[in-house]
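Hi,

Here is the model I promised to pass on. Have a look at it first, and then read my notes underneath.

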Amino acid sequence: MKSEPVMIFALFCALYAVCLGGPPTASGGNEDWSGTGMSFTLDNNTMIASMARFPQWDNRPEVTEPKPEEENGETAASEVAPVEAEEESDPSPILIHTVQKGETLWDIAKAYNIDIDTIAAANDLVNLNQLRVGQKLNILKVKGVLHTVAKGDNLWDIAKKYNVDVKVIIAYNRLSDPENLQPNQQLVIPGAKVPKAANRQPALVSAAGKLQKAFYYPVYGRVSSRFGPRWGRMHEGMDLAVNTGTPVKAAAAGRVTFAGSNSGYGLLVKLDHGNSVETRYAHLSRISVKVGQQIEAGQVIGYSGNTGNSTGPHLHFEIRYKGKAVDPSLYLLK
Ligand SMILES: [Zn+2]
């Protein structure tokens, strides 16, 4: 959704450029068009974004920030007052919104006239229904991605990764020294393809190297045996009692590294999730994936059963970090 004022402004710009017979050269006038990403071949979103934020355009017509639609009372809890963007004194392409009591992500998205996917991606939100009061949210003013610069990142690689013109990124973020990005610097990439919020999943391992509570239950059932010492030896997983034939879902996105029979495990699937994280699904009655296959979180990888060293139908589920089995109950999402 584009705001009307910005649309009108974009139209105005286009007309202005056409009247002038195209953009003047850098030396041809008092507007510096060089290196601004001003281009009429970009898609609408990107073009409007770069125009609206055109840094050297001093005589541009007043552009007002999108305002929330007026509500007719009685929805006090869901009214969100967006932070007013101070165009001149605050050139930051990111606004910060502090979550108020009763606000939902949808209220906030509507108030800022930005889509849910953009907000979710810019804030690494996984559960869209769980905002905390007082939580600070990055709000982008255009559909796009918020990229945090990693050590060794350069702008040209970033531009390539998101398939966005490097000039657009420079102009939009008003980068004075594009060749020297700082680690942790945040860049708005206007028009970058935003992953669907619904497909987002939590990082399994934090930046500090700690395994996170970020795994989905592969099946729902009674815990018939916990992780820990059992019968004089270590039980390296969690047993979930379910009827044979229950669909078993991947606890996180990953790649299949084993799919077949493995002595005591019976029919077993192993998934590699990167960062030295592995999950195992044992005693299956049937396997529906192949080694090497990329799996989404929640995708069915097989069906529960009673194969291998098992005393009754159940799923034996393991999470391993750096090769060592950990207690799954500590890392499963409710
Ligand atoms: Zn078990």
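Let me start with R255, which is partly exposed at a relative accessible area of 35%. Keep in mind throughout that this is a predicted model. R255 forms a salt bridge with D272, and the closest N and O atoms of the two are 3.8 Å apart. Since R255 sits in strand β10 (residues 254–261) and D272 in strand β11 (residues 267–272), the pair ties together parts that are 17 residues apart in sequence. D272 counts as partly exposed too, with a relative accessibility of 28%.

That is one of seven salt bridges in the structure. Another joins E278 and R280, where the closest N and O atoms are 2.7 Å apart. Here both residues are buried. E278 and R280 also belong to a network of salt bridges that takes in E236, E318 and R320.

Now for the metal site. Which residues hold the zinc ion? Its protein donors are H235 (through NE2), D239 (OD) and H316 (ND1), at 1.9 to 2.1 Å from the ion. Along the chain, these donors follow the spacing H-x3-D-x76-H. D239 belongs to strand β8 and H316 to strand β16 (residues 315–321), so this pair ties together parts that are 77 residues apart in sequence.

D239 is worth a closer look. Its strand, β8, covers residues 238–241. Is D239 buried or exposed? With a relative accessible area of 5%, it is buried, and H316 counts as buried as well, at 6% relative accessibility. The side chain of D239 makes polar contacts with two side chains that also turn up at the zinc: H235 at 3.2 Å and H316 at 3.1 Å. On top of that, D239 meets R230 in a salt bridge (3.2 Å, N to O). R230 itself is partly exposed, with 24% relative accessibility.

Leaving aside residues up to four places away in sequence, D239 touches R222, V223, S224, S225, R230, H314, L315 and H316. V223 is in strand β5 (residues 222–225). The C-alpha atoms of V223 and D239 are 5.7 Å apart, although 16 residues separate the two along the chain. With the same sequence cut-off, V223 touches M238, D239 and L240. At 29% relative accessibility, V223 counts as partly exposed.

If you open the model, I'd begin at D239, given that it is a zinc donor and also pairs with R230.

Cheers

Methods. Residues numbered from 1 in each chain as written. Predicted model: local features only at pLDDT ≥ 70, side-chain atom pairs only at ≥ 80, totals over all residues. Heavy atoms only, no water. Helix = DSSP H or I, 4+ residues; strand = E, 2+ residues; numbered from the N terminus. Buried < 20%, exposed > 50% of the residue type's maximum accessible area, 1.4 Å probe, protein only. Polar contact = N/O pair within 3.5 Å; in protein donor to acceptor, adjacent residues only side chain to side chain. Contact = heavy atoms within 4.5 Å. Donors = N, O, S within 2.8 Å, 3.2 Å for Na, K, Ca; no water. Salt bridge = Lys/Arg side-chain N within 4 Å of Asp/Glu carboxyl O.
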